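Colleague: I have just opened this entry and would like to learn how to read it. Could you walk me through it, feature by feature?

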Amino acid sequence: MAATTAATFSIGLVAGTQACRDSKFKPYSMKFNSANHLKSFSGLKAATSVSSESVSSFLGKESIAALRDSFTHIVQEQNQETVYCVRPQASAFKVAILGAAGGIGQPLALLINTSPLVSALHLFDIANVKGVAADLSHCNTPAQVLAFTGNAELANALKGVDVVVIPAGVPRKPGMTRDDLFNINANIVKNLVEAVADNCPDAFIHIISNPVNSTVPIAAEVLKQKGVYDPKKLFGVTTLDVVRANTFVAQKKGLKLIDVDVPVVGGHAGVTILPLLSKTYPSVSFTDKEVEELTVRIQNAGTEVVEAKAGAGSATLSMAYAAARFVESSLRALDGDSDVYECSFVQSDLIELPFFASRIKLGKKGVEAFISADLQGLTEYELNALEALKPELKASIEKGVAFVQKELVTA
Ligand SMILES: NC(=O)c1ccc[n+]([C@@H]2O[C@H](COP(=O)([O-])OP(=O)(O)OC[C@H]3O[C@@H](n4cnc5c(N)ncnc54)[C@H](O)[C@@H]3O)[C@@H](O)[C@H]2O)c1
């Protein structure tokens with residue numbers, strides 16, 4: 001039975017309907033409104049509401065239908081209202097968050113917990129994370145939330161997991177660069193990725209811990225040493241740069257946020273963050289002054305938050321939103337969705353550096369394709385900025401690789 005454009009169907013966080021409560025299906029529903037607008041269950045798609053009538057690079061009409069059909073079952077249609085309930089056999093995945101008690105970890109856990117594609121959410125931290133798990137486990141969402149506290153429980157947190165997200169580590173304080181975090185976070189990421197290699201080597205690995213330009217190469221070296229490196233499954237999370245670029249461009253040009261998509265390439269620190277404004281969708285023109293101002297604002301947006309928090313950390317809520325979007329995209333790809341595109345810092349041959357952030361196509365096995373077209377026909381400003389970012393990005397990558405190799409020699 002297909003939903004008509006006039007129909008409203010429910011999926012998500014709203015309370016279960018009588019039909020759901022009385023059926024064998026879980027009382028879990030999600031709200032879709034008329035004209036086939038998807039009110040995303042957690043607002044984590046390219047935007048909070050995606051119209052299947054408009055072209056979206058993240059969620060096309062077919063994928064909305066596929067997403068809906070993959071986990072829903074119509075149990076009632078009356079008075080123009082169609083009720084969908086979650087199928088017991090819907091695809092579902094296990095996700096682990098390492099650093100789940102932190103500023104990013106907690107809201108990220110909340111957002112991931114709302115995804116119907118998640119059957120189990122494992123929260124790991126060296127700090128006590130039991131309270132976070134107990135709190136989240138009261139949400140009437142399908143995911144089973146489990147807490148794992150301390151290194152002795154790390155292996156169990158990772159067994160059977162499909163996606164591992166790593167926001168563990170220290171955040172910036174005012175005056176610090178992301179590279180200033182290297183000495184602490186490099187070790188944390190190295191140790192956690194070793195455990196990932198031992199316990200769930202096939203999982204997608206999402207690295208949030210800064211400096212991403214170095215922590216991703218660190219993770220790659222660790223996985224290589226363990227003999228389980230699959231470059232298609234290791235991702236530096238740069239989604240926040242895209243989220244910021246989309247927001248700032250939409251504000252500046254008076255565009256509907258839902259429609260805006262700006263690819264961001266390079267890396268994830270200062271000038272290595274390069275928004276390709278000439279590739280903005282929908283096509284829009286910028287003055288030279290606007291390009292300069294927007295580029296600098298996107299590059300410094302993290303510092304804007306660090307300074308506003310005045311010593312209390314860096315971006316956590318917008319970061320959780322962005323990371324949850326990347327998790328959701330990964331889960332849709334794992335679930336067989338054929339229309340999943342995100343920007344990420346990955347092993348790449350798009351330019352002469354071994355790691356590079358660009359738009360990629362995600363599939364069941366990870367990176368399926370690099371969207372090289374984004375790098376063609378760049379403006380002179382973008383070409384110069386691309387050249388200018390290479391030395392810093394190269395140095396950060398080499399620093400990460402050297403860190404693991406030095407540790408190996410020392411050991
Ligand atoms: N990629 C991005 O766009 C982006 C954006 C913002 C912040 N970050 C980075 O994310 C990281 C986390 O930021 P936050 O604000 O959540 O910090 P936070 O200090 O609030 O939380 C970090 C958590 O990691 C935990 N932790 C530390 N060592 C651990 C270990 N070995 N194993 C498991 N957990 C461990 C801590 O106990 C804490 O709960 C920082 O490195 C920050 O720079 C990245």
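Modeller: Gladly. Let us begin with the ligand shell: in this predicted model, strand 8 (118–125) and helix 6 (182–199) each supply at least two residues of the shell around the ligand.

Colleague: Which element gives the most to that shell?

Modeller: Helix 6 does, with four residues.

Colleague: How many residues surround the ligand, and which are the closest?

Modeller: There are 34 residues surrounding the ligand, and the closest are G99, G102, G103, I104 and N210. Sorted by character, the shell has 19 nonpolar, 13 polar and two charged residues.

Colleague: N210 caught my eye. What kind of peptide bond joins N210 and P211?

Modeller: Look at the omega angle. Between N210 and P211 omega is about 0°, and the bond is cis. P211 sits in the loop between strand 11 (204–207) and helix 7 (212–225). Another cis peptide bond, also with omega of about 0°, joins Y281 and P282. You will find P282 in the loop between strand 14 (273–275) and helix 9 (288–309).

Colleague: Which phi angle should I look at in A310?

Modeller: A310 is not a glycine, yet its phi is positive, about 50°. This residue lies in the loop between helix 9 and helix 10 (317–334).

Colleague: Is A310 buried or exposed, and why?

Modeller: Count the C-beta atoms around it; 12 or fewer within 10 Å means exposed. A310 has 9 such neighbours inside 10 Å, so A310 counts as exposed.

Colleague: And R244, buried or exposed?

Modeller: Here the cut-off is 20 or more. R244 counts as buried because it has 25 C-beta neighbours inside 10 Å. R244 belongs to helix 8 (residues 239–253). Setting aside neighbours within four places in sequence, R244 is in contact with I298 and A301. The C-alpha atoms of R244 and G302 are 9.5 Å apart, although 58 residues separate the two along the chain.

Colleague: Now helices. What length is expected for helix 11 (residues 380–410)?

Modeller: Take 1.5 Å a residue: for the 31 residues of helix 11 the expected value is 45 Å, and the span from first C-alpha to last is 46 Å, close to that.

Colleague: Where does helix 11 bend?

Modeller: At K390, by about 35°, and the proline P391 follows within four residues.

Colleague: Which parts of the chain do the buried residues of helix 11 pack against?

Modeller: They pack against helix 6, helix 7, strand 13 (264–266), strand 14 and strand 16 (355–363). Among these buried residues are E382, L389, L393, F403 and V404.

Colleague: How should I think about a nonpolar core?

Modeller: In soluble globular proteins, nonpolar side chains tend to be buried together. In this chain, the largest nonpolar core has 108 residues, and V95, L123, V164, A219 and A323 touch the most other members. Helix 10 gives the most to this core, with 11 residues. For a closer look, pick V164: not counting residues up to four places away in sequence, its contacts include A96, L98, V196, I205 and H206.

Colleague: And how many helices and strands are there in the chain?

Modeller: The chain has 11 helices and 17 strands. Of its 411 residues, 50% count as buried. Taking contacts between residues at least 6 apart in sequence, 67% join residues at least 24 apart.

Note on methods: Residues are numbered from 1 along each chain as its sequence is written. This is a predicted model: local features need pLDDT of at least 70, side-chain atom pairs count only at pLDDT 80 or more; totals for chains, interfaces and linings use all residues. A residue is near a molecule or strand if its C-beta atom, placed from the backbone, lies within 6 Å of it. Ala, Val, Leu, Ile, Met, Phe, Trp, Tyr, Cys and Pro count as nonpolar, Asp, Glu, Lys and Arg as charged, and the others, Gly among them, as polar. The expected span of a helix is 1.5 Å times one less than its number of residues. The bend at a residue is the angle between axes fitted to the seven residues ending there and the seven starting there. Two residues are in contact if their C-beta atoms, placed from the backbone, lie within 7 Å. A nonpolar core is a set of buried Ala, Val, Leu, Ile, Met, Phe, Trp, Tyr and Cys residues joined through C-beta atoms within 7 Å.
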